[in-house]
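Visitor: Hi! I'm new to this one, so could you walk me through it?
Guide: Happy to. Here it is, and you can ask whatever comes to mind.

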Amino acid sequence: ALRCAECHNASEGLIRLEALGGKLRPEWMESLLGGDLPYKPRPWLPARMPAFPAQAEGLAAGLAALHGLPPQSADEPPIDPSMAATGAKLISAAGGFSCVACHAVGPHSGALVVESPGINLAYSGERLLPSFFQRWIMNPLALDPATKMPVYFDEEGRSQLFEIFDGDGRKQIDAMWQYVRQGERMPAPPLP
């Protein structure tokens, strides 16, 4: 009735409706759908997400329920400062995966001018479900064959960055998650 599929199942670059509940935190979706989000997640897209304040709570809960998830995200343990510092290194171009080439980190814009920039990492922790972040970083092409994001981990879940957690992808991704969970308080990643 709200014609969401006009954009989400037809437009290149927008996630399909049936996948949203397994990617986004329900409370974040409610804020976006209600028109309460103070920023535009993809500022480079000319389209603007319309607001549906009367339906926001039900839509967010329903999209989460499609994936067997509750209408509120589970609480997470406190951020581990040591892991977050390692995550900052992993996201940086200073011995990391160089995520900052395409992704902004808070007010620090991505280093490269690319046709398909990434979402600002300062919003990832409040926006994404931890399980989605883990799956996405491990193999983005498995979730979106059209993504420009490279795969950094092999079939065994190991990266080439052996000096950090012996290349263990799960631990490296957890460290990056600890870093992005800091949101707008996250310090800029180290410079090369």
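Visitor: Let's start with helix 4. Which residues are buried there?
Guide: In helix 4, the buried residues are Ala56, Ala60, Leu63 and Ala64. Looking down the axis of helix 4, you would find its buried residues within an arc of 100 degrees, so they line one face of the helix. Keep in mind as we go that this is a predicted model.

Visitor: Is there a general reason for that kind of spacing?
Guide: There is: an α-helix has 3.6 residues a turn, so residues three or four places apart point the same way.

Visitor: And what covers the buried residues of helix 4?
Guide: The cover includes helix 2 and helix 3.

Visitor: Okay, pockets. Which helices each supply at least two residues to the lining of the second largest pocket?
Guide: Helix 4 (56–65) does, and so do helix 1 (5–8), helix 2 (17–20) and helix 3 (26–33). The largest share, 4 residues, comes from helix 3.

Visitor: What is the volume of that second largest pocket?
Guide: About 750 Å³. Its lining is made of 33 residues, and those nearest the centre are His8, Leu32, Arg48, Met49 and Pro50.

Visitor: How many of the lining residues are nonpolar, polar and charged?
Guide: The lining of the second largest pocket has 23 nonpolar residues, 8 charged ones and 2 polar ones.

Visitor: What about closed spaces? How many cavities of 30 Å³ or more does a search of the whole structure find?
Guide: The search finds 1 cavity of that size. The volume of the largest cavity is about 30 Å³.

Visitor: Which residues line the largest cavity?
Guide: Phe97, Cys99, Ile137, Met149, Tyr152, Phe153 and Met176 line it. By class, that makes 7 nonpolar residues, with no polar and no charged ones.

Visitor: Where does Met176 sit, buried or exposed?
Guide: Met176 is one of the buried residues of helix 9. The others buried in helix 9 are Gly169, Gln172, Ile173, Ala175, Trp177, Gln178, Tyr179 and Val180. With 9 of its 12 residues buried, helix 9 is largely enclosed by the rest of the structure.

Visitor: Which helices do those buried residues pack against?
Guide: The buried residues of helix 9 pack against helix 5 (81–91), helix 6 (124–127) and helix 7 (130–138).

Visitor: How far apart are the end C-alpha atoms of helix 9?
Guide: They are 16 Å apart. At 1.5 Å a residue, the 12 residues of helix 9 (residues 169–180) should span 16 Å, so the two values agree.

Visitor: You mentioned helix 7. Which residues is Gln134 in contact with?
Guide: Gln134 is in helix 7. Leaving aside neighbours within four places in sequence, Gln134 is in contact with Arg170, Ile173 and Asp174. Gln134 is itself buried, at a relative accessible area of 18%, because buried means under 20%.

Visitor: New topic: backbone angles. What is the phi of Ser98?
Guide: Phi of Ser98 is near 65 degrees, a positive value in a residue other than glycine. Most residues other than glycine have a negative phi. Ser98 is in the loop between helix 5 and helix 6, and at 28% relative accessibility it counts as partly exposed.

Visitor: And what about the phi of Asp166?
Guide: Asp166 has a positive phi too, of about 55 degrees, although it is not a glycine. Asp166 is in the loop between helix 8 (140–143) and helix 9, and it counts as exposed, with 58% relative accessibility.

Technical notes:
Residues numbered from 1 in each chain as written. Predicted model: local features only at pLDDT ≥ 70, side-chain atom pairs only at ≥ 80, totals over all residues. Heavy atoms only, no water. 1 Å grid on protein atoms, 1.4 Å probe; cavity = no way out; pocket = protein on both sides within 12 Å on 5 of 7 lines; lining within 4 Å. Points joined across faces, edges and corners; volume = space filled by probe spheres on them. Nonpolar A, V, L, I, M, F, W, Y, C, P; charged D, E, K, R; others polar. Buried < 20%, exposed > 50% of the residue type's maximum accessible area, 1.4 Å probe, protein only. Arc of directions from axis to C-beta. Contact = heavy atoms within 4.5 Å. Expected span 1.5 Å × (residues − 1).
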